[in-house]
Each structure stands twice: as structure tokens, then as C-alpha cells.
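Please look over the sequence and the model shown here. A short report on the fold and its packing follows.

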Amino acid sequence: MRLHADRESCISGGRCMATLPEVFDQDDEGIVVLLTPTPAPEHQAKARKAAYLCPARAIDITENPTPD
């Protein structure tokens, strides 16, 4: 799984950070900060939930990314 957080679309809802603080944070303005684009297997279900809960749909998930 690979995550992408669109900081331009973020409306500072904070649901991502509340759902999975190991992966998401917020800067001083409340805009999403992605701490890791590749969450550990044990965090992947909550990463999907965070993306679902985002009111701005600012979090994208690629389930089976190709290697860089």
C-alpha cells in the first residue's frame, strides 16, 4: 500500500490524524502531513478508514504499487 496526501485539498478536518497518528499528522495550520507513505501492515486497515473519513478526499491509496 502506498498513500498520498494532497495538502492543497486538505481542509484541516483532522480525521486522518485522529484515526491513525502513526501515519498522519498536521502542521501548524492544520494541514495534513504524511509521516510515511507506506504504512506497516498493521496500520493499513486504519489508513483505509482515514482515507474514507477524509471530508476533502485528500488521501489517495494505491493498493499494489509497482516498485520504484
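In which helix does Thr19 lie? Thr19 is part of helix 1. Helices here are DSSP runs of H or I with at least four residues, strands are runs of E with at least two, and both are numbered from the N terminus.

This is a predicted model, in which local features need pLDDT of at least 70 and side-chain atom pairs count only at pLDDT 80 or more, while totals for chains, interfaces and linings use all residues. Residues are numbered from 1 along each chain as its sequence is written, and side-chain values use heavy atoms, with hydrogens and water left out.

**Overall fold**

Two helices and four strands make up the secondary structure of the protein chain, and their order along the sequence is β-α-β-β-α-β. The radius of gyration, taken over C-alpha atoms, is compared with a globule rule of 2.2 Å times the number of residues to the power 0.38. For 68 residues a compact globule would come near 11 Å, and the protein chain agrees, because its own value is 11 Å.

| Property of the protein chain | Value |
|---|---|
| C-alpha box along the principal axes | roughly 35 × 20 × 20 Å |
| Buried residues | 32% of the 68 residues |
| Exposed area | about 4,400 Å², 48% of it from carbon and sulfur atoms |

Buried means under 20% relative accessible area, exposed over 50%, and partly exposed in between, with a 1.4 Å probe and protein chains only. Areas come from the Shrake-Rupley method with a 1.4 Å probe, and for residues only the protein chains shown count as cover. A contact means heavy atoms within 4.5 Å. Of the contacts between residues at least 6 apart in sequence, 54% join residues at least 24 apart.

**Helix 2 and its neighbours**

Which residues of helix 2 (residues 44-53) are buried? They are Gln44, Ala47, Ala50 and Ala51. These residues lie on the same side of helix 2, because they cover an arc of only 110 degrees around the axis. The arc is that of the directions from the helix axis to the C-beta atoms. This buried set packs against strand 1 (2-5), helix 1 (15-19), strand 2 (24-26) and strand 4 (59-62).

In helix 1, Thr19 counts as buried because its relative accessibility is 15%. Leaving aside residues up to four places away in sequence, Thr19 touches Lys46, Lys49, Ala50 and Leu53.

The face of helix 2 turned away from the buried side carries the exposed residues Ala45 and Tyr52. Arg57 lies over the face of Tyr52, 5.9 Å from the ring centre.

Notes. A charge sits over a ring if NZ of Lys or CZ of Arg is within 6 Å of the ring centre and within 35 degrees of the ring normal.
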